[in-house]
Amino acid sequence: MNATGFPLDESGMWREIRVPSADASLRPVLFIDRDGTLIELVDYLSSPDDVRPIAEAVALTARARAMDMPTVMVTNQSGIGRGYYGWRDFAAVQQAVIAAVAAGGGRIDAVYACPALPDSGAACRKPNPGMLLAAADDLALDLRHSWIVGDTAGDMAAGAGAGLRRGWLVATGYGVEERGDALALRGPGFDVTVDRPLRELADLLSGLSNA
Ligand SMILES: [Mg+2]
């Protein structure tokens, strides 16, 4: 916290640990984008009344929770940098999102939000990996075995840049039109999955935790 009453760090990024790590051993996590992935895409969403959770994504967070895999939200919020809405509005929206996730049996363990503009070059703004790297600093994360779920190639690129194992492009939000750009990010150390239902990712994660 700082003088604003919101959990902003010195760079101006929202950096909120909701559930601290129980131990120091490195854990894989599920990074998840918010707009277009966890909730329906609304341009410059600023009102909790416009929060419409995406059931499959909420169910995924419940599966992650059931297997003790933390879920970390990473969201670009340039509407704040543009002055369209403020952190108070963001906080109100977040309350609705987190309540919807909890109602579905899931949990958001930490939240990172970047207010920077697209052309700012800010480290926190996806496709840059700054929010994921900040999470790795704050929580004991095994980035190499972590995943990111999102609806844009920028989400996938942030995952690749942070050294994650794999990205999963959803078909909601911008997901369908971003497929080509997302697939182009496939490389030797980073796999990208498109066109598959999210419940398959939940099954995959369960398989990993049982392995
Ligand atoms: Mg998105």
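**View A. The residue after helix 5 in this predicted model****.** G163 follows helix 5. The phi angle of G163 is positive, near 80°.

**View B. Helix 5 is mostly covered****.** The helix spans residues 153-161. Eight of its nine residues are buried. They are A153, G154, D155, M156, A157, A158, G159 and A160.

**View C. Helix 5 belongs to a right-handed β-α-β unit****.** Strand 5, helix 5 and strand 6 make up this unit. Strand 5 covers residues 147-150 and pairs with strand 6 in the parallel sense. Four bridges link the two strands. In one pairing, V149 has W168 of strand 6 as its bridge partner.

**View D. Strand 6 is covered on both faces****.** Strand 6 runs from residue 166 to 169. R166 and W168 are buried on one side. G167 and L169 are buried on the other. Strand 6 also joins strand 7 through three bridges, and these two strands run parallel. Here W168 stands opposite T193 of strand 7.

**View E. Seven strands form one open sheet****.** Their order is 1-4-3-2-5-6-7, with mixed pairing. Strand 1 (14-17) and strand 7 (191-193) are the edges, and each pairs on one side only. From one strand to the next, the twist averages 15°.

**View F. Strands 1 and 4 run antiparallel, and helix 4 packs on the sheet****.** Four bridges join strand 1 to strand 4, residues 110-114. E16 has V111 in strand 4 as its bridge partner. Helix 4 (residues 130-138) touches strand 1, strand 2 (30-32), strand 3 (71-76) and strand 4. The direction of helix 4 makes about 145° with that of strand 4.

Conventions:
Residues numbered from 1 in each chain as written. Predicted model: local features only at pLDDT ≥ 70, side-chain atom pairs only at ≥ 80, totals over all residues. Pairing = 2+ DSSP bridges. Axes fitted to C-alpha atoms, helices over the stretch in contact; angles between N-to-C directions. Contact = placed C-beta atoms within 7 Å. Buried ≥ 20, exposed ≤ 12 C-beta atoms within 10 Å, placed from the backbone. Right-handed = clockwise from strand over helix to strand, strands pointing away.
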